[in-house]
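Me: Could you take a close look at the side-chain pairings in this protein for me? I'm in my first year, so please explain each term as you go.

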Amino acid sequence: MFSSTWNFLKRHKRKFIFAGAFVGGVYFLGKYAQKKIREMQEREASEYIAQARRQFHFESNQRTCNMTVLSMLPTLREAILHHLNSESLTTLLKSKPANKLDIWEDLKIISFTRSVVAVYSTCMLVVLLRVQLNIIGGYLYLDNSVSKSGMMPLAPPDVQQQYLSSIQHLLGDGLSEMITAVKKAVQNTLGGVSLKQSLSLQELEQHLNQIRAQVEEGDGDSTHRPLSWYMMPDEENTLAAQACGLTENDVTTIKLLNETRDMLESPDFGTVLNTCLNRGFNRFLDNMAEFFRSVFFFAKIIPIVNGQIHSICSEIPSHFVQDLLMIDQVKEFAANVYETFSTSHELQK
């Protein structure tokens, strides 16, 4: 019996060797596959956790953006009211002066100017802070991700403070220049409109469109500036202000400002800002529509227009500000900015 078994094994030796090799190969291949699957699962889990962490950080950053906008609106409102003080004119009118008509004309221009400026500056504040805080947010995410590796932070606290303080341009020189441009457009559009002239809501909308066209496209004047200028100073001015003894933090801040300026001059940003402006002026017209039960004399809507700044630049979440903060294009643009500046390839730049 043993001899027959041995003869059988000898006759089929090669088959048994092949079968053994095959089984062994399958076993080791299975072990290899299990190892690779486990590595892939661990990598996917790690990527999922990193993505979830980044998503959480992004959403937290957006809430910070919203709260920052609301906290800065009182400062913006007071700056506009300081430059465009209509209250002194209304006080004069109560004293029944001899030049009453002239004061009403001044009040007409100032009232429309400050409401239009309020819409422009609030929209700019919303989108500019979205850009700045998502650039900083992206860098902070990277800083948190690599903090254990001993690398220098991309955005140390001093840089953050210096960079974010550039918003003061919109509240200062940028706002002053914008008021000049808007006031000129209002004067060109409404200066010749009689206070006794009747005015419908549709005609009011037409006047606003004419004012916007002059502000945004210019009227052939060589001094016309793009809207981005009101949000950030010229690059030359920024560099000149930093020219004496640049520190490493100064260089980093200038890099951030240049990245922001490039973003503000991009077609995508222009589209988002225009979407905000359209929504803002439509909301302004909706607010005005509540008072238009019929055709008004022009003089009668001036006090209504004059008071709109308090609902436009309100730190208490109003329909106006909420509309701007909830615009889908603004959210998508913010996500793209954050994605750009929170990916590791930025570390190599």
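**Side chains that meet**

Reply: Let's start in helix α11 (residues 248-264), where lysine 255 and glutamate 259 lie four residues apart, about one turn of the helix. Helices here are DSSP runs of H or I with at least four residues, strands are runs of E with at least two, and each kind is numbered from the N terminus. Please keep in mind that this is a predicted model, in which local features need pLDDT of at least 70 and side-chain atom pairs count only at pLDDT 80 or more, while totals for chains, interfaces and linings use all residues. Residues are numbered from 1 along each chain as its sequence is written, and side-chain values use heavy atoms, with hydrogens and water left out.

Back to our pair. The side chains of lysine 255 and glutamate 259 form a salt bridge, with 2.8 Å from N to O. That term stands for a side-chain nitrogen of Lys or Arg within 4 Å of a carboxyl oxygen of Asp or Glu. In general, side chains of opposite charge can pair when their charged atoms come close. The two partners differ in how they are placed: lysine 255 is partly exposed at 32% relative accessible area, whereas glutamate 259 is buried at 15%. Buried means under 20% relative accessible area, exposed means over 50%, and partly exposed is in between, using a 1.4 Å probe and protein chains only.

Seven salt bridges turn up in a search of the whole structure. One of the pairs joins arginine 212 to glutamate 216, with the closest N and O atoms 2.7 Å apart. Their home is helix α8 (residues 201-217), and here too the partners are four residues apart, about one turn of the helix. Arginine 212 is buried, with a relative accessible area of 10%, while glutamate 216 is partly exposed at 24%.

Just past this helix, you can find glycine 218 in the loop between α8 and α9 (227-231). Glycine 218 is partly exposed, with a relative accessible area of 23%. Leaving aside neighbours within four places in sequence, glycine 218 is in contact with Ala213 and His224, where contact means heavy atoms within 4.5 Å. The C-alpha atoms of glycine 218 and alanine 181 are 9.1 Å apart in space, and these residues are 37 apart in sequence.

Another salt bridge links glutamate 105 with lysine 108, at 2.9 Å between the closest N and O atoms. These residues lie in helix α4 (residues 100-146), three residues apart, about one turn of the helix. Glutamate 105 is partly exposed at 23%, but lysine 108 is buried at 0%. Lysine 108 also has its charged end over the ring of phenylalanine 298, 5.8 Å from the ring centre. For a charge to sit over a ring, NZ of Lys or CZ of Arg must be within 6 Å of the ring centre and within 35 degrees of the ring normal. Salt bridges can also join up: Arg77, Glu78 and Glu315 are linked in a network of them.

Now for rings that meet rings. Five aromatic pairs are found in the whole structure. Rings of Phe, Tyr and Trp (its six-membered ring) pair if their centres lie within 6.5 Å; planes under 30 degrees apart count as stacked, over 60 as edge-to-face and the rest as tilted. Tyrosine 120 and phenylalanine 281 have ring centres 5.4 Å apart and planes at 75 degrees, so this pair is edge-to-face. Tyrosine 120 is in helix α4 and phenylalanine 281 in helix α12 (residues 267-289), so the pair ties together parts that are 161 residues apart in sequence. Tyrosine 120 is buried at 0%, and phenylalanine 281 is buried at 5%.

Tryptophan 229 and tyrosine 230 also make an edge-to-face aromatic pair, 6.0 Å centre to centre with 90 degrees between the planes. Tryptophan 229 counts as buried at 12% relative accessibility, as does tyrosine 230 at 3%. The ring of tryptophan 229 has a charged neighbour too: the charged end of arginine 225 sits over that ring, 4.0 Å from its centre.
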